[in-house]
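Subject: Structure for your files

Dear colleague,

Please find the structure below. My notes on it follow.

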Amino acid sequence: MEAAETSPPGSPDLLPIALVRGSRRTYGVSVDRFVGQVDVIVKPLTGDLASIPMFDGAAILGDGRVVLVLNTHQLAA
């Protein structure tokens, strides 16, 4: 996935867009903001969340926050 910010920081008129490039097409996903690049280890989901195909897993950030990892192939479908 490639991140492309479409507006200067703090510009209220434009949204930041994350570009997702697949083998056949490129599409954009609107995001709240970019916070930087982080290497994480993705752990599989369990319980009810494991049955949601849009999520690949979860990761714990360095500050202790848990984030869900999107399955970009499923998102494009």
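Strand β4 (residues 55-60) pairs with β5 in the antiparallel sense over five bridges; two strands pair if DSSP finds at least two bridges between them. Helices (H or I, at least four residues) and strands (E, at least two) are DSSP runs, numbered from the N terminus. Ala59 stands opposite Val67 in β5. Five residues lie between β4 and β5 in their hairpin, and Gly64 in the turn has a positive phi of about 95°.

On provenance: this is a predicted model, in which local features need pLDDT of at least 70, side-chain atom pairs count only at pLDDT 80 or more, and totals for chains, interfaces and linings use all residues. Residues are numbered from 1 along each chain as its sequence is written, and side-chain values use heavy atoms, with hydrogens and water left out.

The chain averages a pLDDT (the predictor's confidence in each residue, from 0 to 100) of 83, and 84% of the residues score at least 70. Among the elements, β4 has the highest mean, 94, and strand β1 (residues 2-4) the lowest, 50.

Overall, the chain has one helix and five strands, in the order β-β-β-β-β-α from the N terminus. Of its 77 residues, 14% count as buried; buried means under 20% relative accessible area, exposed over 50%, and partly exposed in between (1.4 Å probe, protein chains only). The accessible surface comes to about 6200 Å², with 54% of it belonging to carbon and sulfur atoms; these areas come from the Shrake-Rupley method with a 1.4 Å probe, and for residues only the protein chains shown count as cover. Of the contacts (heavy atoms within 4.5 Å) with a separation of 6 or more, 13% are between residues 24 or more positions apart.

The other hairpin to look at joins β2 to β3 through four residues. Strands β2 (residues 17-21) and β3 (residues 26-30) run antiparallel, with five bridges between them, and Ala18 stands opposite Val29 in β3. In a regular strand the side chains alternate between the two faces of the sheet. In β2, Ala18 and Val20 point to one face and are buried, whereas Ile17, Leu19 and Arg21 point to the other and are not.

There is one salt bridge, defined as a side-chain nitrogen of Lys or Arg within 4 Å of a carboxyl oxygen of Asp or Glu. It is formed by the side chains of Arg65 and Asp63 (2.8 Å, N to O). Arg65 is partly exposed at 48% relative accessibility, and Asp63 is exposed at 53%.

Asn71 sits in the loop between β5 (66-70) and α1 (72-76). With a relative accessible area of 16%, Asn71 counts as buried. Its side chain reaches the backbone nitrogen of His73 at 3.1 Å, and a polar atom of that side chain lies 3.0 Å from the backbone nitrogen of Gln74. Leaving aside neighbours within four places in sequence, Asn71 is in contact with Pro53, Met54, Phe55 and Asp56.

Ala76 lies in helix α1 and is partly exposed, with a relative accessible area of 24%. Its contacts, apart from neighbours within four places in sequence, are with Arg25 and Tyr27. The C-alpha atoms of Ala76 and Val29 are separated by 9.7 Å, at 47 residues apart along the chain.

Regards

Terms used. Polar contact = N/O pair within 3.5 Å; in protein donor to acceptor, adjacent residues only side chain to side chain.
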